[in-house]
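Trainee: I should like to go through this structure step by step and hear the reasoning behind each term. May we begin once it is in view?

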Amino acid sequence: MKSTQQRHLIYMDDLKLIAKSEEELQKQIQTVKNFSADIHMEFGLEKCAKIAFKRGKLVHSQNLAIDINREIQEVEQGETYKYLGIEESEGVQHQQMKEILKQEYNRRLRMILKSELNARNKITAIGALAVPVLRYSSGVINWRSEEIKNIDRKTRKMLTVYKIHHPKADIDRLYVKRKEGGRGLVQIEAAYRAEVINIAE
């Protein structure tokens with residue numbers, strides 16, 4: 001009987017280590033190195049960064065040595081690093097990230113609306129490709145309710161410009177599922193609330 005062997009690929013995009021001291025951080029790095037070696041995973045050092053705080057204030061520290069020839073660079077004053085797609089430093093750069101996320105959402109929205117897809121598929125594509133850009137930041141970026149509602153308003157305006165939504169059409173029906181007689185558009189406000197509740201639970 002011929003036997004078969006299953007092989008698996010595991011991907012780890014982002015990992016954050018938090019330690020009380022340099023010594024503890026080095027031990028954590030060694031643990032990650034050992035585990036990585038076991039599963040043949042490599043460090044993407046060009047995307048790694050180190051930052052140190054003392055009593056809540058950013059302080060200067062040395063780069064973190066991985067081995068003889070490789071090290072993780074320290075984040076300099078005024079610089080940021082990206083974790084789970086969010087720019088951080090002494091804290092999350094909320095206002096900066098809001099602008100970046102809104103620009104990317106609008107870029108994807110326009111790309112979808114300019115495509116040759118029919119109206120139904122455009123609505124589906126918005127939920128699959130554009131909305132996740134903002135949903136990903138739920139519970140991390142401190143969006144105000146009015147900011148979220150404004151994104152929904154601008155989305156409806158864009159749909160009207162591209163003749164996907166009539167300006168006098170019922171707004172509520174736009175967000176009702178298609179199987180229930182609606183258009184099936186994902187409402188940013190509702191998606192944001194759902195994600196925040198999921199995180200809390």
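Trainee: Why is Arg-108 called partly exposed?

Mentor: In this predicted model, Arg-108 has a relative accessible area of 27%. Buried means under 20% and exposed means over 50%. The value for Arg-108 lies in between, and therefore the residue is called partly exposed.

Trainee: What makes the contact of Glu-104 with Arg-108 a salt bridge?

Mentor: The closest N and O atoms of Glu-104 and Arg-108 are 2.7 Å apart. The cut-off is a side-chain nitrogen of Lys or Arg within 4 Å of a carboxyl oxygen of Asp or Glu. The pair meets this cut-off, so the term salt bridge applies.

Trainee: Why are Glu-104 and Arg-108 separated by about one helical turn?

Mentor: Because Glu-104 and Arg-108 are four residues apart in helix H2.

Trainee: Which other salt bridge does Glu-104 form?

Mentor: Glu-104 also forms a salt bridge with Arg-107, with 2.8 Å between the closest N and O atoms. Both residues belong to helix H2, which covers residues 94-113, and they are three residues apart, again about one turn of the helix. As for exposure, Glu-104 has a relative accessible area of 22% and Arg-107 one of 45%. Each is partly exposed, because 22% is not under 20% and 45% is not over 50%.

Trainee: How do you know that Glu-195 and Arg-135 form a salt bridge?

Mentor: The side chains of Glu-195 and Arg-135 come to 3.7 Å, N to O. That is within 4 Å, so the pair counts as a salt bridge.

Trainee: What makes this a link between distant parts of the chain?

Mentor: Glu-195 lies in helix H6 and Arg-135 in helix H3, and the two are 60 residues apart. Both are partly exposed: Glu-195 has a relative accessible area of 24%, and Arg-135 has 31%.

Trainee: Which residues are joined into one network by salt bridges that share partners?

Mentor: Lys-98, Arg-144 and Glu-147 are joined in this way. The count of salt bridges comes to eight.

Trainee: Where is Arg-193 found, and why is it called partly exposed?

Mentor: Arg-193 is found in helix H6. Its relative accessible area is 46%, which is not over 50%, so Arg-193 is partly exposed. The C-alpha atom of Arg-193 is 8.0 Å from that of Ser-138, although the two residues are 55 residues apart along the chain.

Trainee: How many cavities of 30 Å³ or more are counted?

Mentor: The count comes to one cavity. The largest cavity holds about 50 Å³ of space. Among the residues that line it are Val-131, Leu-134, Arg-135, Trp-143, Ile-188 and Tyr-192. Helix H3 (119-135) and helix H6 (188-200) are the elements that give two or more residues to this lining.

Trainee: What classes of residue make up the lining of the largest cavity?

Mentor: The lining has seven nonpolar, two polar and one charged residues. Arg-135 is in the lining, and Arg counts as charged, so Arg-135 is the charged residue there.

Trainee: How many helices and strands does the protein have?

Mentor: The protein has six helices and six strands, in the pattern α-β-β-β-β-β-β-α-α-α-α-α along the sequence. Of its 201 residues, 29% count as buried.

How values were computed:
Residues are numbered from 1 along each chain as its sequence is written. This is a predicted model: local features need pLDDT of at least 70, side-chain atom pairs count only at pLDDT 80 or more; totals for chains, interfaces and linings use all residues. Side-chain values use heavy atoms; hydrogens and water are left out. On a 1 Å grid over the protein atoms alone, a cavity is a set of points where a 1.4 Å probe fits but cannot get out, and a pocket is an open set with protein on both sides within 12 Å along at least five of seven lines; lining residues have an atom within 4 Å of a point. Grid points are joined across faces, edges and corners, and a volume is the space filled by probe spheres set on the points. Buried means under 20% relative accessible area, exposed over 50%, partly exposed in between (1.4 Å probe, protein chains only).
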